[in-house]
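This briefing is intended for a reader who is meeting the structure for the first time. Please have the sequence and the 3D view at hand while reading.

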Amino acid sequence: MDTFKEISPEQAWEILNNKNAVLVDIRDLPRFSHSHPQGAFHLTNQSFGEFQQKYDYEPPIIVSCYHGVSSRNVAQFLVEQGYDEVYSLIGGFAGWVQADLPIENGF
């Protein structure tokens, strides 16, 4: 895969459950702390090293942001870093919530 693909929240949920994918949320800390997709890793410039140590290049990576725009740039960056299967979540966290998929609150 030379570039990322865009997928719906429902497709993301299916990939998460069937392919042992990793969901990353790139929103700012206050919003991520308030609520985020269940099991999401908070990916920031500061946490990228931890992300690289925790996850190898094999599992699919799904990138979520606020509304599905900023995630495209991060998804392309991850592809350029050598991650094989990278997706951008259409609609971002707002789309995730609208699709009524599991979220975690208040960390």
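The points below go from the overall fold to the annotated site, and then to the contacts between side chains.

The structure is a predicted model. The chain has five helices and seven strands, and its radius of gyration of 12 Å is close to the 13 Å that the globule rule gives for 107 residues, so the chain is as compact as a globular protein of that length. The UniProt record, an unreviewed entry, places the feature "domain: Rhodanese" at residues 17–105 and the feature "active site" at C65.

**Overall fold**

- Read from the N terminus, the elements follow the order β-α-β-α-β-β-α-β-α-β-α-β.
- The C-alpha trace spans about 30 × 30 × 25 Å along its principal axes.
- Among contacts in the chain with a separation of 6 or more, 71% are between residues 24 or more positions apart.
- Of the 107 residues, 46% count as buried.
- The chain exposes about 5900 Å², and carbon and sulfur atoms supply 48% of that area.

**The annotated domain**

- Residues 17–105, which carry the "domain: Rhodanese" feature in the unreviewed UniProt entry, are 37% helix and 22% strand.
- The C-alpha atoms at the two ends of this stretch are 21 Å apart.

**C65, the annotated active site**

- C65, marked as "active site" in the unreviewed UniProt entry, is found in the loop between β5 (61–64) and α4 (70–80).
- C65 counts as buried because its relative accessibility is 1%, and buried means under 20%.
- Beyond the residues up to four places away in sequence, C65 touches I26, R27, S70, S71, G92 and F93.

**S35 and its surroundings**

- S35 is found in strand β3, which covers residues 35–37.
- With a relative accessibility of 8%, S35 also falls in the buried class.
- Leaving aside neighbours within four places in sequence, S35 is in contact with R27, F93, I103, E104 and N105.
- R27 and F93 thus appear in the contact lists of both C65 and S35.

**Salt bridges**

- The count of salt bridges comes to four; three of them are described here, beginning with R72 and E6, whose closest N and O atoms are 2.8 Å apart.
- This pair links distant parts of the chain, since R72 is in helix α4 and E6 in strand β1 (residues 5–7), 66 residues apart.
- Both partners are partly exposed: R72 has a relative accessible area of 36%, and E6 has one of 39%.
- K19 forms a salt bridge with E85, with the closest N and O atoms 2.8 Å apart.
- K19 lies in the loop between α1 (9–18) and β2 (22–25), and E85 in the loop between α4 and β6 (86–89), so this salt bridge ties together parts that are 66 residues apart in sequence.
- K19 counts as partly exposed at 42% relative accessibility, whereas E85 is buried, with a relative accessible area of 18%.
- R31 forms a salt bridge with D28, and here the closest N and O atoms are 2.8 Å apart.
- R31 is partly exposed, with a relative accessible area of 47%, and D28 counts as partly exposed at 29% relative accessibility.

**Aromatic pairs and cluster**

- The structure holds eight aromatic pairs; one of them joins W13 and W96, whose ring centres are 6.0 Å apart and whose planes stand at 70°, so the pair is edge-to-face.
- The W13 and W96 pair links distant parts of the chain: W13 is in helix α1 and W96 in helix α5 (residues 92–98), 83 residues apart.
- W13 counts as partly exposed at 27% relative accessibility, while W96 is buried, with a relative accessible area of 0%.
- F41, F48, F51, Y55, Y57, F77 and Y83 form one aromatic cluster.

Key. Residues numbered from 1 in each chain as written. Predicted model: local features only at pLDDT ≥ 70, side-chain atom pairs only at ≥ 80, totals over all residues. Heavy atoms only, no water. UniProt positions renumbered as here; feature names shortened; annotations may be inferred. Helix = DSSP H or I, 4+ residues; strand = E, 2+ residues; numbered from the N terminus. Buried < 20%, exposed > 50% of the residue type's maximum accessible area, 1.4 Å probe, protein only. Contact = heavy atoms within 4.5 Å. Salt bridge = Lys/Arg side-chain N within 4 Å of Asp/Glu carboxyl O. Rg over C-alpha atoms; globule rule 2.2 N^0.38 Å. Areas by Shrake-Rupley, 256 points an atom, 1.4 Å probe, with all protein chains shown as cover. Phe/Tyr/Trp six-rings, centres within 6.5 Å; stacked < 30°, edge-to-face > 60°.
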